[in-house]
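Have the sequence and the model open side by side. The paragraphs below go from a metal site to the packing around it.

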Amino acid sequence: MPIWQELSWPRIKECAEKGCVVIVPVGVIEQHGHHLPLDTDAFISQEIARAAARRDTEILVGPTVPFGFTPSNKNFSGSISLTAGTWMALIREIVRSVHRHGFTRIALLNGHGGQVALSRSTVAALQDEEGIRVVVLNWFGLVDKDMGRLFPDEKMPGARVGHAGAVETSMNLHLREELCAQGSLVTHLGPQAPPFVSKVGGYVQTPREDLSPSGVMGDPTLASKEKGGELFELAVERLCAFAREYRETE
Ligand SMILES: [Zn+2]
């Protein structure tokens, strides 16, 4: 399993010559309710990328970027939020370095819902201003329909992955059960945005604590280690399929 920072420079060079796909896991350190670790988004992305690289040696996993942009969660203890400009600059400089070493197939595997729009803007700017093409994937986007199939009882308005709800809790149970405080599950099924904007499909930045005092969006009591395992497996398979196709693309 090639992991960028564990290789020597001649091996990185070999990977570039082979045309490896570089997948950079990106996440954030932010509150995930009373029961999940702060690095949930970065860790899940990283583990999916690493599992894919164990199956396909032409996937090279870039260094995980744990820092993210999370203005809505920044007031909860432990959250670390970069400003949007800093985050964009960070990602652009990492991608520029990867590209400089000869890699032309680069993807970000994002795990943070609050960073989807910013990730897209960042890669659009990279392409527009520097001609570097980068694909943005969200791990939860790889399994969007499966989340609904596996957790049909989590009746939550808004984005399906939620926040520290059934999906993320199941993934953590599968990957690191020992870090899940299962005695501290809090359910919150309220809207993920104020009703006056969500009714018309609008968006406004809202402090999470104004919507959910625990920080949770979803029902973690519906989580299951087995379903987490199934979701993880599907995400890994789809990431491998993506990498195969990406390599074949001009
Ligand atoms: Zn999360």
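How are the donor residues of the zinc ion spaced in sequence? The spacing is H-x8-D-x126-E. This is a predicted model, in which local features need pLDDT of at least 70, side-chain atom pairs count only at pLDDT 80 or more, and totals for chains, interfaces and linings use all residues. Residues are numbered from 1 along each chain as its sequence is written, and side-chain values use heavy atoms, with hydrogens and water left out.

The zinc ion is held by His32 through NE2, Asp41 through OD and Glu168 through OE, at 1.9 to 2.1 Å. Donors here are N, O and S atoms within 2.8 Å of the metal (3.2 Å for Na, K and Ca); water is not among the atoms, so the site may look incomplete. His32 and Asp41 are both buried (under 20% relative accessible area, with a 1.4 Å probe and protein chains only).

Asp41 lies in helix 2, which runs over 40–55. Helices are DSSP runs of H or I with at least four residues, numbered from the N terminus. Of the 16 residues in helix 2, 14 are buried.

Helix 2 also gives two or more residues to the largest nonpolar core. Such a core is a set of buried Ala, Val, Leu, Ile, Met, Phe, Trp, Tyr and Cys residues joined through side-chain atoms within 4.5 Å. This one has 35 residues, and Ile48 and Trp139 are among those that touch the most other members. Helix 10 supplies the largest share, 10 residues. Beyond its neighbours within four places in sequence, Trp139 is in contact (heavy atoms within 4.5 Å) with residues including Ile44, Ile48, Leu109 and Met171.

Terms used:
Buried means under 20% relative accessible area, exposed over 50%, partly exposed in between (1.4 Å probe, protein chains only).
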